[in-house]
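Trainee: Got a minute to look at a structure with me? I'd like to talk it through.

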Amino acid sequence: MHSHATLQGAACTHSSHRLPHHTMADALRKPLFPAETAGPRQTVAVTGASGYLAGTVVRRLLCAGHTVHGTVRDPANTAKVAHLWAMPGAKDRLKLFKV
């Protein structure tokens, strides 16, 4: 079985099994598929990056090694974007834009 990167806490770790997804929270922690990490690293735009679902997309993209350009209402509002900056890889590969 292939090793999958999985998203747990603030770090990307590896797991040799798939997590069950009986709840929404479990589904959002589903391990990365090999196809998510196999291709070339790209820059990806994510709108509404500070939102619940978009934030999960941002985390998966960062864990897969991609650069993320995210739109948010106010990049200077630390209370709204701190969780994004705490993600693994964010310091090097995340850029936030005001919309």
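Mentor: Sure, one term to start: a polar contact is a pair of N or O atoms within 3.5 Å; within protein, one must be able to donate a hydrogen and the other to accept it, and residues adjacent in sequence count only if both atoms are side-chain atoms. This is a predicted model, where local features need pLDDT of at least 70, side-chain atom pairs count only at pLDDT 80 or more, and totals for chains, interfaces and linings use all residues. Residues are numbered from 1 along each chain as its sequence is written, and side-chain values use heavy atoms, leaving out hydrogens and water.

Trainee: Okay, what lies 3.2 Å from the backbone oxygen of proline 31?

Mentor: A polar atom of the arginine 60 side chain. Arginine 60 sits in helix 3 (helices are DSSP runs of H or I, at least four residues; strands are runs of E, at least two; both are numbered from the N terminus).

Trainee: Is arginine 60 buried or exposed?

Mentor: Buried, because its relative accessibility is 16% (buried means under 20% relative accessible area, exposed over 50%, partly exposed in between, with a 1.4 Å probe and protein chains only).

Trainee: New topic: what's the strand order in the open sheet?

Mentor: The order is 3-4-5, with parallel pairing (two strands pair if DSSP finds at least two bridges between them). Strand 3 (43–46) and strand 5 (94–98) are at the edges with a single partner strand each, so one side of each has no neighbour in the sheet.

Trainee: How many bridges join strand 4 and strand 5?

Mentor: Five, in the parallel sense. Valine 68 stands opposite leucine 94 there.
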